[in-house]
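Colleague: I would like a close look at the part of this model where a loop meets the helices that follow it. Please take me through it slowly, and explain each term when it first comes up.

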Amino acid sequence: MTIIDTHQHYWRYDPVHYAWINDEMAVIRRDFLPADLQPVLTANSIAASIAVQADQTEQETDWLLQLADENPFIAGVVGWVDLRSPQVAERLQHYAQFSKLKGFRHVLQGEEPSFMLQPSFVNGIAQLHAHGFAYDILIFPQHLQAALQLVQQFPEQRFVIDHLAKPYIKQGLIGEWAAGMKALAAHTNVYCKISGMVTEADWRNWTAADLFPYIDTVVQAFGTNRCMFGSDWPVCLVAAAYDKWLQTVQGFFASFSSEEQAMVFGGNAKHFYQIDTL
């Protein structure tokens, strides 16, 4: 089975650019580069990964593409471009030349829900499909209704919900979040990443039993053909080692068929991000 990690980050740590890394997250206040991740992937039999933006600049997008060129195990990049810019068409045309640029993301969780519905942002989303770009939706549960309104406008655009929309696992809240996720899942062009969960749980005391109801909800809603494994490395390290998180997700799917497991851990990623090198 080919396993693809659909969600990891790189950065050269800078306290200004990465001000969100607070004192509680001191373990990730350092550089994280391909040389740090490659042995971890090898140890866990991961074939490839998708590098996702963490800084909202084209400079970081260009840097991630450089890293992808230098490191074959980086199968794709989800970068950032200013989708609200009057020049967005030109910028997308520029990035279309890079085969490993698979899609884009904006840190919508840091914006008001209305941000993604403003005409300039919607105009940017409207131009992604023509270039074959996917879009990663990074939100909190309070953004789910706005995300639904966005998705409804673009039935041909490939979307994926990062980190299950960050449900309130630590508080044990599930009802409203589940309803919002089920509404999004009704649109067959929307996928979901099973990632970023341990950092929404009790960092020091979480158990698989805390997480499984949320994984079960998205698997029931999206199906095994639209869910994808992701680590959210190195952010996950504040609450779990890479292997512990991987084994937790594998534990959930242990009773599923080998075909379903192959889709969740690799096949769906290849289809969604149009990876033809594995």
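**From the loops to the packed helices**

Modeller: K166 counts as buried because its relative accessibility is 13%, where buried means under 20% relative accessible area, exposed means over 50%, and partly exposed is in between (1.4 Å probe, protein chains only). Before going further, please keep in mind that this is a predicted model, in which local features need pLDDT of at least 70, side-chain atom pairs count only at pLDDT 80 or more, and totals for chains, interfaces and linings use all residues. Residues are numbered from 1 along each chain as its sequence is written, and side-chain values use heavy atoms, with hydrogens and water left out.

K166 sits in the loop between strand 6 (159-161) and helix 6, helices being DSSP runs of H or I with at least four residues and strands runs of E with at least two, both numbered from the N terminus. Although K166 is not a glycine, its phi is positive, at about 50°. D232 is another residue other than glycine with a positive phi, here near 60°, and it belongs to the loop between strand 8 and helix 8. With a relative accessible area of 5%, D232 is buried.

The loop that holds D232 deserves the closest reading. S231 is found there too, between strand 8 (227-229) and helix 8 (242-252), and because its relative accessibility is 2%, S231 counts as buried. Its side chain makes a polar contact with the side chain of D5, at 2.5 Å; such a contact is a pair of N or O atoms within 3.5 Å, where within protein one must be able to donate a hydrogen and the other to accept it, and residues adjacent in sequence count only if both atoms are side-chain atoms. A polar atom of the S231 side chain also lies 3.3 Å from the backbone oxygen of H7. Leaving aside residues up to four places away in sequence, S231 touches D5, H7, Q8, S195, C236, Y242 and W245, contact meaning heavy atoms within 4.5 Å. Further along, P234 lies in this loop between strand 8 and helix 8, and the peptide bond from W233 to P234 is cis, with omega near 0°.

W245, one of the residues touched by S231, leads on to the helices, since it also belongs to the helix 8 side of a packed pair. Helix 7 and helix 8 pack with their axes 10 Å apart, at an angle of about 55°. Helix 7 is therefore oblique to helix 8; angles under 35 degrees count as roughly parallel, over 145 as roughly antiparallel, 65 to 115 as roughly perpendicular, and the rest as oblique. From helix 7, A208, L211, F212, I215, D216 and V219 meet W245, T248, G251 and F252 of helix 8. Sorted by class, this contact of helix 7 with helix 8 has seven nonpolar, two polar and one charged residues, where Ala, Val, Leu, Ile, Met, Phe, Trp, Tyr, Cys and Pro count as nonpolar, Asp, Glu, Lys and Arg as charged, and the others, Gly among them, as polar.

Helix 7 (residues 208-222) also has helix 6 (residues 175-185) beside it, the two axes coming within 9 Å and crossing at roughly 25°, so helix 6 and helix 7 are roughly parallel to each other. In this pair W177, A178, M181, K182 and A185 of helix 6 meet Y214, T217, V218, A221 and F222 of helix 7, and by class the contact has eight nonpolar, one polar and one charged residues. The axes in both pairs are lines fitted to C-alpha atoms, for helices over the stretch in contact, with angles running from 0 to 180 degrees between N-to-C directions.
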